[in-house]
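Me: I am new to this structure and would like to learn how to read its features one at a time. Could you give me the general idea each time, and then the case at hand?

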Amino acid sequence: MSGPECCRNPPVIQTGEESGEVLQIASLSSYVSGKLDSKIAVILVSDVFGYEAPKLRQVADKVASAGYYALVPDFLNGDPMTAETKIDDWIINHAPEQAVVEYARPVIQALKDKGITKVGAAGFCWGAKVAVELAKDAEIQVAAILHPTYVTLDDIKEVKAPIAILSAELDEMNPPELIKEYEAALAANKVDHFVKIYPGVNHGWTTRYNDDDAAEVKSAEEAQQDLVDCLKKYL
C-alpha cells in the first residue's frame with residue numbers, strides 16, 4: 001500500500017511564506033491558521049513528510065481564508081520521513097490507525113473544548129487513511145482524501161460521512177480504475193461524495209508540485225479549490 005511514489009520530491013522545509021502560527025493542540029504542536037471564533041475547524045493531515053511542509057501549510061492558509069479554523073497537527077510526533085529513512089521501517093511506528101487513537105481523537109476533543117461545533121478532515125497521502133478512519137464513525141462532518149495511500153476498498157465501504165476523493169491520473173498506488181471502485185462503493189452505500197481524477201499529474205502533486213511546471217501548479221490550485229468547495233458544501 002506504500003511505495004516510492006510516497007517519497008518522491010520531498011518538501012524543502014522553510015518558513016516565512018505562511019500566515020499562521022504553531023500552537024499546542026492537545027499533545028501536539030500544530031500549525032494553525034484562521035480564527036477560532038469561526039466555530040468550524042478543518043484538520044489537515046500531512047503526508048509522510050510531516051506538518052512543517054510549506055505547501056501543506058499554504059493549503060491550510062487557503063482553507064482558513066475561506067472562513068475556517070485550519071490546523072495541521074504534527075501527527076508524526078516529530079518523526080517525519082527523511083532521505084535516510086526506509087518507509088517500510090518508518091511505517092512500523094507510524095501506522096495511521098494508531099494516529100487516530102493516540103492523536104486525532106484527542107485533537108478533535110480539544111477543538112470541541114474550545115467551542116468548535118463542526119470538524120472536517122483532509123488527508124494527504126498517508127494522512128488520507130487517518131481521515132477515512134475518522135469518517136467511518138462519523139467523528140467528523142466531512143472527509144477529503146487527496147492522492148490517498150493505505151486506503152482500501154473495504155475502508156471506503158465503511159465510510160459514513162460525506163467524502164471527497166481527489167486523485168491523480170498517474171498514481172500507481174491508487175490508479176483511476178481503483179478510484180472508480182471507491183466511487184461505486186460510495187454510491188451503493190448512498191454516501192454523499194465528490195470524486196475527481198486530475199489528468200496528467202502524479203501522486204502527491206497537490207502539495208509537492210513543481211513550481212516551474214505551470215500545468216502542475218494549475219492542477220494543484222484546481223484541486224485545492226475543489227477541496228475548499230467541498231468543505232463549504234458540507235460544513
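Me: How many disulfides does the structure hold?

Reply: A disulfide is a covalent bond between the sulfur atoms of two cysteines. The structure holds 0 disulfides, where a disulfide is counted as a pair of cysteine sulfur atoms within 2.5 Å. Before going on, please note that this is a predicted model, in which local features need pLDDT of at least 70 and side-chain atom pairs count only at pLDDT 80 or more, while totals for chains, interfaces and linings use all residues. Residues are numbered from 1 along each chain as its sequence is written, and side-chain values use heavy atoms, with hydrogens and water left out.

Me: Why does Cys-230 form no bond with the closest cysteine sulfur?

Reply: The closest cysteine sulfur to that of Cys-230 belongs to Cys-125 and is 19 Å away, which is too far for a bond. Cys-125 is buried, with a relative accessible area of 0%, and Cys-230 is buried too, at 9%; here buried means under 20% relative accessible area, exposed means over 50%, and partly exposed is in between, with a 1.4 Å probe and protein chains only.

Me: How should I read a helix such as H1, and which of its residues are buried?

Reply: Helices (H or I, at least four residues) and strands (E, at least two) are DSSP runs, numbered from the N terminus. Helix H1 covers residues 54-65, and its 12 residues reach 16 Å from the first C-alpha to the last, close to the 16 Å expected, the expected span being 1.5 Å times one less than the number of residues. Because 9 of the 12 residues of H1 are buried, the helix is largely enclosed by the rest of the structure. The buried residues are Pro-54, Lys-55, Leu-56, Arg-57, Val-59, Ala-60, Asp-61, Val-63 and Ala-64. Just after H1, Gly-67 takes a positive phi of about 110°.

Me: Which residues have the most contacts inside the largest nonpolar core?

Reply: A nonpolar core is a set of buried Ala, Val, Leu, Ile, Met, Phe, Trp, Tyr and Cys residues joined through side-chain atoms within 4.5 Å. The largest one has 50 residues, and those with the most contacts inside it are Ile-43, Leu-71, Phe-75, Trp-126 and Ile-165. Helix H3 (residues 96-113) gives the largest share of this core, 8 residues. A second, separate core of 35 residues includes Ile-40, Ala-60, Val-72 and Val-217.

Me: At what angle do the axes of H3 and H4 cross?

Reply: Two packed helices are described by the angle between their axes and the distance between the axes. The axes of H3 and helix H4 (residues 126-136) come within 10 Å and cross at roughly 65°; axes are lines fitted to C-alpha atoms, for helices over the stretch in contact, and angles run from 0 to 180 degrees between N-to-C directions. Among the residues that make the contact (heavy atoms within 4.5 Å) are Val-100 and Ile-108 of H3 and Trp-126 and Val-130 of H4.

Me: Where is Gly-50, and which residues does it touch?

Reply: Gly-50 lies in the loop between strand E3 (40-45) and H1, and is buried, with a relative accessible area of 4%. Not counting residues up to four places away in sequence, Gly-50 touches Leu-56, Leu-76 and Pro-80.
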